[in-house]
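This briefing looks at aromatic ring pairs and at one contact between helices. Please keep the sequence and the structure at hand while reading.

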Amino acid sequence: MRMTRLCCLLLLAGSSFAVQAKMVHRPVEWSQDGTHFRSVLVYDDASSAKRPGLVMVPNWYGVNDAAVKKAETIAGKDYVILLTDMYGEKVRPTSNAQAQAAVKPLYGDRALMRKRINLALDQLKAQAANAPLDTAKLAAIGFCFGGSAVLDLARSGADVAAVVSFHGGLDTDDPALAKDIKARVLAMNGADDKGTMPDADKFMDEMRGSPADWQFVVIGHAVHCFTEVGENSPGCRYDERAATRSYRLMHDWLRAAFAGTP
């Protein structure tokens with residue numbers, strides 16, 4: 001009888017722990033040049049073990065529920081993710097027209113884009129006091145517009161292990177910046193992405209002139225937005241096969257970068 005009661009108590013204790021463990025969503029706010037930014041730190045608090053940190057820049061819709069859900073899926077038990085606001089807290093696009101207006105100033109001023117993404121990296125590092133973050137293992141990932149942003153983070157010479165771009169813009173305002181890249185660069189684009197692939201040859205020439213360990217992966221039959229669940233237009237369509245493949249490549253790339261292995 002006592003043994004049965006003990007087993008029940010242990011089961012209840014385990015159940016209680018499972019209930020308490022959850023995905024943390026914590027606002028992280030900062031200001032730069034008069035603009036206030038509101039990002040979200042995402043991680044699983046089931047363990048206090050330190051893990052790598054990722055700056056994650058979402059697509060041109062910015063920080064919203066879909067982006068938080070994607071960050072949760074990627075973070076799992078593996079990463080602490082700063083889902084990064086690149087626009088400022090007052091800009092939350094809900095239509096393509098609004099999103100296009102939001103990204104226009106940053107595509108028009110790439111120095112500003114690089115300044116904002118570098119400050120986001122600093123803000124991620126600052127979370128180490130309150131999150132299970134290993135600041136010796138930092139990287140950045142981005143989707144569509146976010147892919148452009150993390151490639152610009154690499155071009156700025158940021159001290160991160162890796163950057164990974166998913167169906168991101170490949171162009172740059174200054175190809176000479178590539179000489180400053182310290183990160184391992186992985187860019188993955190759909191072969192039929194009419195928005196980004198015209199810049200593929202210039203991007204590869206840029207990378208050839210850099211010291212970076214880089215890889216450019218072209219995914220057959222995929223168009224733009226292949227990781228964006230719910231997108232289903234001719235030029236912007238979710239592709240489960242392409243998404244699964246690209247996430248696997250991302251995890252392999254990050255593991256190798258953090259371990260310092262080929």
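In what follows, a residue is called buried when its relative accessible area is under 20%. The model is predicted, and six aromatic pairs are found in it.

**A stacked pair and its surroundings**
- The ring centres of Phe 143 and Phe 166 lie 4.5 Å apart with the planes at 15°, and because planes under 30 degrees apart count as stacked, this pair is stacked.
- Distant parts of the chain are linked by this pair, since Phe 143 belongs to strand β5 (residues 133-143) and Phe 166 to strand β6 (residues 162-166), with the two positions 23 residues apart in numbering.
- Phe 143 and Phe 166 are both buried.
- Phe 143 also has Lys 70 over the face of its ring, at 3.9 Å from the ring centre.

**A ring cluster**
- Tyr 87, Tyr 107 and Phe 145 are joined into a cluster by ring pairs.

**The contact of two helices**
- Helix α3 (residues 96-108) packs against helix α4 (residues 110-125) at an angle of about 105°, and their axes are 5 Å apart.
- Angles of 65 to 115 degrees count as roughly perpendicular, and α3 and α4 are therefore roughly perpendicular to each other.
- On the α3 side the contact involves Leu 106, Tyr 107 and Gly 108, which meet Arg 110, Leu 112, Met 113 and Arg 116 of α4.
- By character, the residues of this contact of α3 with α4 comprise four nonpolar, one polar and two charged.
- Tyr 107 thus appears in two settings, being part of the ring cluster and of the contact between α3 and α4.

Definitions and conventions. Residues are numbered from 1 along each chain as its sequence is written. This is a predicted model: local features need pLDDT of at least 70, side-chain atom pairs count only at pLDDT 80 or more; totals for chains, interfaces and linings use all residues. Side-chain values use heavy atoms; hydrogens and water are left out. Rings of Phe, Tyr and Trp (its six-membered ring) pair if their centres lie within 6.5 Å; planes under 30 degrees apart count as stacked, over 60 as edge-to-face and the rest as tilted. Helices (H or I, at least four residues) and strands (E, at least two) are DSSP runs, numbered from the N terminus. Buried means under 20% relative accessible area, exposed over 50%, partly exposed in between (1.4 Å probe, protein chains only). A charge sits over a ring if NZ of Lys or CZ of Arg is within 6 Å of the ring centre and within 35 degrees of the ring normal. Axes are lines fitted to C-alpha atoms, for helices over the stretch in contact, and angles run from 0 to 180 degrees between N-to-C directions. Angles under 35 degrees count as roughly parallel, over 145 as roughly antiparallel, 65 to 115 as roughly perpendicular and the rest as oblique. Contact means heavy atoms within 4.5 Å. Ala, Val, Leu, Ile, Met, Phe, Trp, Tyr, Cys and Pro count as nonpolar, Asp, Glu, Lys and Arg as charged, and the others, Gly among them, as polar.
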